Amino acid sequence: MAVSRLATFLHRLQAGFALFALLCLAQGALAAGQIRIAVSDIGAGGKPAGGGLVDVLHAQKRLEQEFAGDGIEVQWVFVKGAGPVINEAFANGQVDMAFLGDLASIVGKSGNLDTRVIAAAARGVNHYLAVRPGSSIKSLADLKGKRVGLFRGTAAQLSFISALRSSGLRERDLQVVNLDFAAASAALAAGHIDATWGGNNTLALAQRGLAELPVSSKHTRHGAGQLSGLVLVTERFATQHPQWVQRLLKVQRETVRWAGDPANRDAYIELQASQSGYPQSLLRAELEGAELAQLLSPELDDAFVARLRESIEIAQEARLIRRPVDLDAWLDKRFLEQTNDLP
């Protein structure tokens, strides 16, 4: 299939760029006074974009300002198709910290990476099923035997598996084509696939009249298909620089307070639109009725931990990981607790 060959080429090209970026980052690996942060780049424009909290931290240079007085350099690398590349960077000691989706984080930990979960980066991130206008597909059950574009190895895959499970389906019931978000959008518009599962890319297709969205994780049973993001650090980094980790989370809390203030809602959406390349109208519609303070909360509370535990179980059942993950041992809540009462 032509779309599969194109997808393979694009994945290899993206991986090449990603590895080059991380090699450049690694040149400073032995230098003191650096914090190296990797992020999944999910933007549709020319600027790097990790979405939500990350874009505020990066665009407003909040971490740089926090550490500048101590001569500590903050280095960011945004990676397309990021999961496997960021996990490789962790394994090679090229990054200290990452904002990463739940599946890639789980896969890395299952592969014995020495990461710790120190905070939540996002929760309740919705995904959508996009189909061509006039399609007979009206529900997840209608996908049986259909060609579905899915970005494997990313949080979107875990989201899709969770949503399918809520309708009694498995991936094997469909014809899944591995495509990144941009390639899946193009393939759907061209009629090469019947549907795709994604986030803002599917909203953009619908806004342009190129797709309908018959299913949303907003309306699945118990929110099946909603994504979570994690803040990870290496065990070595946490051990050598516990005060840095505490300060990183202090800045994260300050950033969440800024974004969660209703007075800053418009500024937040404008910043997201500028970074992501998606129109403000799309982002406003997606966030309508949502409380940003809750969506961006860093807390590893019972509800977040329960959802993460379920994600691990789904990943293991779907054979996305080979070894179980001890969630209780993976979580490291002490830094959040240390910053809980800071002004």
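**Entry 1: the largest cavity**

I began with the lining of the largest cavity in this predicted model. The residues around that cavity are Asp102, Leu158, Ser159, Ser162, Gly225, Gln226, Arg307, Glu310, Ser311 and Ile314. I noted a volume of about 80 Å³ for the space inside. The structure has three cavities of 30 Å³ or more.

Next I asked myself which helices each supply at least two residues of this lining. They are helix H6 (155–166) and helix H14 (302–317). H14 gives the largest share, with four residues.

I also sorted the lining by class: two residues are nonpolar, five are polar and three are charged. Then I looked up the domains. Domain 1 (34–125 + 227–339) and domain 2 (128–223) each bring at least three residues to the lining.

**Entry 2: a stop at Lys61**

Where does Lys61 sit? I found Lys61 in the loop between helix H2 (53–59) and helix H3 (62–68). Its relative accessible area is 48%, so Lys61 counts as partly exposed; the exposed class starts over 50%. I also checked Lys61 against Val74, which is 13 residues away along the chain. Their C-alpha atoms are 9.3 Å apart.

**Entry 3: aromatic pairs**

How many aromatic pairs does the structure hold? I counted six. One of them joins Phe67 and Trp244, with 6.4 Å from centre to centre and 65° between the planes, an edge-to-face arrangement. Phe67 belongs to helix H3 and Trp244 to helix H10 (residues 242–260), so this pair ties together parts that lie 177 residues apart in sequence.

Are these two rings buried or exposed? Phe67 is buried, at 0% relative accessible area. Trp244 is buried as well, at 13%.

I then turned to Phe151 and Phe181. Their ring centres are 5.2 Å apart and their planes meet at 80°, so I wrote this pair down as edge-to-face too; the cut-off for that label is over 60 degrees. Phe151 lies in the loop between strand E6 (147–150) and H6, while Phe181 is in helix H7 (residues 181–190), so the pair links parts 30 residues apart in sequence.

Here the two partners fall into separate classes. Phe151 is buried, with a relative accessible area of 10%, whereas Phe181 is partly exposed at 23%. The line for buried is under 20%, which is why Phe181 misses it.

**Entry 4: back to Phe67**

Which residues form one aromatic cluster with Phe67? I found Phe237 and Trp244 there, so I added Phe237 to my note beside the Phe67 and Trp244 pair.

Technical notes. Residues are numbered from 1 along each chain as its sequence is written. This is a predicted model: local features need pLDDT of at least 70, side-chain atom pairs count only at pLDDT 80 or more; totals for chains, interfaces and linings use all residues. Side-chain values use heavy atoms; hydrogens and water are left out. On a 1 Å grid over the protein atoms alone, a cavity is a set of points where a 1.4 Å probe fits but cannot get out, and a pocket is an open set with protein on both sides within 12 Å along at least five of seven lines; lining residues have an atom within 4 Å of a point. Grid points are joined across faces, edges and corners, and a volume is the space filled by probe spheres set on the points. Ala, Val, Leu, Ile, Met, Phe, Trp, Tyr, Cys and Pro count as nonpolar, Asp, Glu, Lys and Arg as charged, and the others, Gly among them, as polar. Domain bounds come from an automatic or database domain assignment. Buried means under 20% relative accessible area, exposed over 50%, partly exposed in between (1.4 Å probe, protein chains only). Rings of Phe, Tyr and Trp (its six-membered ring) pair if their centres lie within 6.5 Å; planes under 30 degrees apart count as stacked, over 60 as edge-to-face and the rest as tilted.
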